[in-house]
Amino acid sequence: MQDIALKAGVSKNAVSLALRHDPQISSTTRAKIERIARELGYRKNPTVAHLMANLRSSRQQGFKATFALLNANTDERAFVRHPTVPAYVEGCRRRAAQLGYILDEFWLHDPQWKASRLLDVLHSRGIRGAIIVGAMDNRQLPVEFLPIYEQLPCIVTGHRTYNPSLSFACVDHHNLALQAFEQALALGYKRPALALDKVIDQITGGRFTAGFLIAQQQITVAHRTQPFFALEDARKDISHFHAWIEKEKPDVILTLYNVVKRWVESLDFKVPRDMGLIQLEWRRQQPEWAGMNQHNDIVGEAAVDMLVGMVHRGERGVPDFPRATLIGSTWNMGRTVRQQASVGSKQLRPVTR
């Protein structure tokens, strides 16, 4: 570092700050120092760098590194009342506390925030990076905050984003759907079906449907069903759902929505006697359902781990090659399915009205 400092005409401390991408060093000076470091063949020792970071932190009494937890949902209170977001937040808080980080929370849709003002606040509080939480429509982040994504290391939870594409942590939706299908087969069901809102499928990059369609390769063509995507139409006119049931004749439905149970029962089917239901996002609050636990809290933990790694490596900005951490899901048996008879089971016929 001394050689770099002499050639750059700066102090050794300035070199150290620049190579850690500290905002105290201007971008012009940092670029100059990084160029000289490359010319001199400088390579950071990650073990020493991590040790020095800990030593610097310990010298500052009461100091703990801080991350921003950015609520990108349109609901200001999504961290509390959204169906899935609170689980991500729970995991983020838990892991951050374990690693000694503090989380400052901000709502991106707050009218008071402009990118420049929020960025100033983040810098003034010494915030080192950001975790973005909340369901974004069409996988788009608020573009007005692009300066934040460019100047801070950022991780998204829940699903992949585009424009910009950031590194993210999420459940493995593809494998989840495949596992749910295989659990249905293991219980003896013959015609598993998928009922899913098309928008949700698009937000997840079609991975629910992809896993379901791949899983269908395990059964005969005669037993394969077409997915039902017209959830919004069925909420207005249930006959769309009834027509699909009559055409596809499923014996178990994989879905994300509790309302499907009510629709099934409107056809005089009893759950699980006549029709099984598998929840693709099982929650502790509804233990009676059978389904797949997405472990969104573990997704939140993974997001913190990814962000810590980015900070330690000095990474920031929109990555050329976004990384993904996919979390596996687990099966929970519930009262919405039952073991089917291995032979002689009667083909279900929907009750038409």
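**Reading strands, helix crossings and unusual backbone geometry**

Modeller: Strand β7, helix α14 (residues 259-265) and strand β8 together make a right-handed β-α-β unit, and we can begin from there, keeping in mind that the model is predicted.

Colleague: In which sense do the strands β7 and β8 of that unit pair, and over how many bridges?

Modeller: Strand β7, which covers residues 252-255, pairs with β8 in the parallel sense, and the pairing extends over four bridges. For the register, take Val252, which stands opposite Gly276 in β8. On β8 there is also a link to strand β9 (residues 290-293), to which it is joined by two bridges, with the two strands running parallel; here Ile278 stands opposite Ala290 in β9.

Colleague: Which residues of β8 point one way and which the other way?

Modeller: The general idea is that side chains in a regular strand alternate between the two faces of the sheet. In strand β8, residues 276-279, Gly276 and Ile278 point one way while Leu277 and Gln279 point the other way, and all of them are buried.

Colleague: What is the strand order in the open sheet of six strands?

Modeller: The order is β2-β1-β3-β4-β5-β10, with parallel pairing. Strands β2 (102-107) and β10 (324-327) stand at the edges, and because each has a single partner strand, one side of each is left without a neighbour in the sheet. From one strand to the next, the twist averages 20°. Within this order, strand β3 (residues 127-133) and β4 pair in the parallel sense over three bridges, and Ile131 stands opposite Ile155 in β4.

Colleague: Turning to helices, how should I read the angle at which the axes of α6 and α15 cross?

Modeller: An angle between 35 and 65 degrees falls outside both the roughly parallel and the roughly perpendicular classes, and so counts as oblique. The axes of helix α6 (residues 85-99) and helix α15 (residues 296-313) come within 6 Å and cross at roughly 45°, and α6 and α15 are therefore oblique to each other. The crossing in which α6 passes α15 is right-handed. Among the residues that meet there are Ala87, Tyr88, Arg94 and Leu99 in α6, and Asn296, Ile298, Val304 and Val308 in α15.

Colleague: Which angle do the axes of α9 and α11 make, and how close do they come?

Modeller: The axes of helix α9 (residues 173-186) and helix α11 (residues 207-215) come within 7 Å and cross at roughly 40°, so this pair too is described as oblique. The crossing of α9 and α11 is right-handed, and its contacts involve residues including His173, Leu176 and Phe181 in α9 and Phe208, Phe212 and Ile214 in α11.

Colleague: Which peptide bonds are cis here?

Modeller: One such bond runs from Asn163 to Pro164, with omega near 5°, and Pro164 lies in the loop between β4 (154-157) and β5 (168-171). Another runs from Val271 to Pro272, again with omega near 5°, and Pro272 has its place in the loop between α14 and β8, two elements of the β-α-β unit with which we began.

Colleague: Where are Lys249 and Asp268, whose phi is positive, found?

Modeller: Lys249, which is not a glycine, has a positive phi of about 50°, and is found in the loop between α13 (239-248) and β7; with a relative accessible area of 23%, Lys249 is partly exposed. Asp268, with phi near 70°, lies in the loop between α14 and β8, and at 43% relative accessibility Asp268 likewise counts as partly exposed.

Colleague: How far apart are Gln151 and His21 in sequence and in space?

Modeller: The two are 130 residues apart in sequence, yet 9.7 Å apart in space, C-alpha to C-alpha. Gln151 has its place in helix α8 (residues 146-151) and is partly exposed, with a relative accessible area of 34%. Leaving aside residues up to four places away in sequence, Gln151 touches Leu119, His123 and Arg316.

Colleague: What share of the contacts in the protein comes from residues 24 or more positions apart?

Modeller: Of the contacts with a separation of 6 or more, such residues account for 69%. For the protein as a whole, the secondary structure comes to 15 helices and eleven strands, and 49% of the 353 residues count as buried.

How values were computed: Residues numbered from 1 in each chain as written. Predicted model: local features only at pLDDT ≥ 70, side-chain atom pairs only at ≥ 80, totals over all residues. Heavy atoms only, no water. Buried < 20%, exposed > 50% of the residue type's maximum accessible area, 1.4 Å probe, protein only. Pairing = 2+ DSSP bridges. Right-handed = clockwise from strand over helix to strand, strands pointing away. Axes fitted to C-alpha atoms, helices over the stretch in contact; angles between N-to-C directions. Parallel < 35°, antiparallel > 145°, perpendicular 65-115°, else oblique. Left-handed = near helix turned anticlockwise from the far one by under 90°. Contact = heavy atoms within 4.5 Å.
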